[in-house]
Amino acid sequence: MSSDLTKTKEINYRGGILTFNIPLDWIEEYDENDGGTFYEDSPTSGTLRVKLLTMKSPRKITSDNVEDVLESINEDVIMLPNKNAYKHYSEETTDSGYKIYIFYWSLAQIIEPNNARLVNFSYTVLSDLKNSEFVKNEISFITNEVENANLSSELGSFE
């Protein structure tokens with residue numbers, strides 16, 4: 001079964017530091033250490049995980065430095081109109097004897113004068129399902145949400 005991607009709800013993650021949408025029927029779970037987990041209540045559902053990190057630089061940084069936040073990821077940087085940037089990549093691995101495929105989006109934001117945010121989104125599915133139509137549609141949906149995610153321009157009390 002796959003979710004109706006046209007019916008969504010807004011997630012105000014970490015008190016609204018990050019806002020994005022997920023399908024209306026997805027379950028939300030939050031953990032102080034592991035971040036947010038979102039999924040459809042179905043045995044073949046993929047699982048979206050979100051974790052937000054805030055870093056402080058010893059030197060002044062500007063939005064021109066946003067690519068530097070992503071430098072350890074060996075993929076092309078995608079610059080967004082809001083001066084944030086992200087990289088998208090994937091890998092296959094094994095978990096508890098199951099082959100899984102994980103899609104990643106690492107979204108970076110600069111908060112001048114010397115802070116940066118890194119939001120890591122991951123979407124995990126069974127490897128056998130990675131090329132299915134519903135997974136392709138969900139990857140497209142998540143990519144759109146990453147590209148349009150709203151990150152607060154101020155440091156929050158939850159960071």
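In this predicted model, helix α1 lies across four strands: β5, β7, β8 and β9. Its axis runs at about 15° to β8.

**The sheet**

The strands form an open sheet of seven, paired antiparallel. Their order is β3-β4-β5-β9-β8-β7-β6. Strands of a sheet pair through backbone hydrogen bonds, either parallel or antiparallel. At the edges stand β3 (27–31) and β6 (78–79). Each has a single partner strand, so one side of each is left without a neighbour in the sheet. For β6, two bridges make the antiparallel link to β7, residues 85–95. M79 has A85 of β7 as its bridge partner.

**The cores**

The largest nonpolar core holds 30 residues. Within this core, L18, F20, L48, F121 and Y123 touch the most other members. The elements below each supply at least two of its residues.

| Element | Residues |
|---|---|
| β1 | 8–13 |
| β2 | 18–23 |
| β5 | 47–56 |
| β8 | 98–111 |
| β9 | 115–126 |
| α1 | 133–147 |

Which element gives the largest share of this core? It is α1, with six residues. In soluble globular proteins, nonpolar side chains tend to be buried together.

Take F121 as a contact point. Leaving out residues up to four places away in sequence, F121 touches L18, F20, L48, R49, V50, F103, Y104, W105, L107 and V146. Of these, L18, F20 and L48 are also listed with F121 as touching the most other core members.

Another core lies apart from the largest one. This other core has nine residues, among them V66, A85, A108 and I110. A85 is also the β7 residue bridged to M79.

Definitions and conventions:
Residues numbered from 1 in each chain as written. Predicted model: local features only at pLDDT ≥ 70, side-chain atom pairs only at ≥ 80, totals over all residues. Heavy atoms only, no water. Core = buried A, V, L, I, M, F, W, Y, C linked by side-chain atoms within 4.5 Å. Buried < 20%, exposed > 50% of the residue type's maximum accessible area, 1.4 Å probe, protein only. Contact = heavy atoms within 4.5 Å. Pairing = 2+ DSSP bridges. Axes fitted to C-alpha atoms, helices over the stretch in contact; angles between N-to-C directions.
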